[in-house]
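Please read the following briefing alongside the sequence and the structure shown below. The points are grouped by topic.

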Amino acid sequence: MFKQQSLTQLIEHYLDYIQSSKRIGEDTHVKASSLIQILDALAVRTHEQSVIFAGSEEEDESRLNYQDTYKILTQHFPDYSDYSTVLDINNPAKTDNLAAGDPLDDLADIAVDLSEVLSIAKKYGEAAGQYAFVDSYRIHWGYHLRQLQMYLHCQLTGF
């Protein structure tokens, strides 16, 4: 389903899915299954490299507002609650390493970053968008995606 989609189509699919009022009242397992598929498609797409960088003097490309996006998500995904995570996965001996993760924050952070990538792709082309997509994945939203994938997996399996 996602393989034939361009980068912009894939991002638009994610943004449409999380912002659609159809999520209100939707079965938890249906939401989790659909999100897992979309997140997997995004993760796979990060393996495609591009050497075309869109140099820009502009501060920020168009991007979603985090607070507005988070507010929408609280309505569309009211059954999503905090999960346990660690602050430093590479240092398990730390005694103060436990933290709470927020799946709505994960969804919103991914959406805000991807909205900027979408803007770059539309302005400079798919190759520049792909470069920004992979770069922003490595810098920020990839961590949110991976944490969210684990949360959704546990939602489906009961772990």
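Arginine 23 has a relative accessible area of 8% in this predicted model, and it is therefore classed as buried, the limit for that class being under 20%. The side chain of arginine 23 forms a salt bridge with that of glutamate 26, with a distance of 2.8 Å from N to O. Glutamate 26 has a relative accessible area of 22% and is therefore partly exposed.

**Salt bridges**

- Over the whole structure, a search finds 6 salt bridges.
- One of these joins the side chains of lysine 122 and glutamate 12, at 3.0 Å from N to O. This pair connects distant parts of the chain, since lysine 122 belongs to helix α4 (residues 103-124) and glutamate 12 to helix α1 (residues 7-19), 110 residues apart.
- Which class of accessibility does lysine 122 fall into, buried or exposed? Lysine 122 has a relative accessibility of 56%, and because the exposed class begins over 50%, this residue counts as exposed.
- Its partner glutamate 12 has a relative accessibility of 29% and counts as partly exposed.
- A further salt bridge is formed by aspartate 113 and arginine 63, whose closest N and O atoms are 3.2 Å apart. Here too the pair links distant parts of the chain: aspartate 113 is in helix α4, whereas arginine 63 is in the loop between α2 (28-45) and α3 (66-76), 50 residues apart.
- Aspartate 113 is buried, with a relative accessible area of 9%, while arginine 63 is partly exposed, with 35%.
- Arg63, Asp113 and Glu116 are joined into one network by salt bridges that share partners.

**The form of helix α5**

- How far does α5 span between its end C-alpha atoms? The span is only 36 Å, whereas a straight helix of 32 residues would span 46 Å at 1.5 Å a residue.
- At tryptophan 141, α5 bends by about 70°.
- Glycine 158, just after α5, takes a positive phi of about 85°.

**Residues within helix α5**

- Glycine 142 has its place in helix α5. This glycine has a relative accessible area of 5% and is therefore buried, as the class covers values under 20%.
- The C-alpha atom of glycine 142 is separated by 9.2 Å from that of threonine 46, although the two residues are 96 residues apart along the chain.
- Glutamine 130 is also found in helix α5, and with a relative accessible area of 5% it is buried.
- Between the C-alpha atoms of glutamine 130 and leucine 118 there is a separation of 9.4 Å, and along the chain these residues are 12 residues apart.
- Glutamine 155 is another residue that lies in helix α5. Its relative accessibility is 26%, so glutamine 155 counts as partly exposed.
- Glutamine 155 and histidine 29 are 126 residues apart along the chain, and their C-alpha atoms are separated by 7.4 Å.

**The second largest pocket**

- About 250 Å³ of space lies in the second largest pocket. The lining consists of 13 residues, of which Tyr83, Ser84, Thr85, Gln147 and Met150 are the closest to the centre of the pocket.
- Which element gives the most to the lining of this pocket? Helix α5 does so, with 6 residues.
- Both β1 (83-86) and α5 (126-157) supply at least two residues of the lining.
- By residue type, the lining divides into 8 nonpolar, 3 polar and 2 charged residues.

**The loop between β1 and β2**

- Asparagine 97 is placed in the loop between β1 and β2 (98-101).
- Is asparagine 97 buried or exposed? Asparagine 97 is buried, because its relative accessible area is 5% and the class includes values under 20%.
- The C-alpha atoms of asparagine 97 and glutamine 19 are separated by 33 Å, and the two residues are 78 residues apart along the chain.

Terms used: Residues are numbered from 1 along each chain as its sequence is written. This is a predicted model: local features need pLDDT of at least 70, side-chain atom pairs count only at pLDDT 80 or more; totals for chains, interfaces and linings use all residues. Side-chain values use heavy atoms; hydrogens and water are left out. On a 1 Å grid over the protein atoms alone, a cavity is a set of points where a 1.4 Å probe fits but cannot get out, and a pocket is an open set with protein on both sides within 12 Å along at least five of seven lines; lining residues have an atom within 4 Å of a point. Grid points are joined across faces, edges and corners, and a volume is the space filled by probe spheres set on the points. Helices (H or I, at least four residues) and strands (E, at least two) are DSSP runs, numbered from the N terminus. Ala, Val, Leu, Ile, Met, Phe, Trp, Tyr, Cys and Pro count as nonpolar, Asp, Glu, Lys and Arg as charged, and the others, Gly among them, as polar. The expected span of a helix is 1.5 Å times one less than its number of residues. The bend at a residue is the angle between axes fitted to the seven residues ending there and the seven starting there. A salt bridge is a side-chain nitrogen of Lys or Arg within 4 Å of a carboxyl oxygen of Asp or Glu. Buried means under 20% relative accessible area, exposed over 50%, partly exposed in between (1.4 Å probe, protein chains only).
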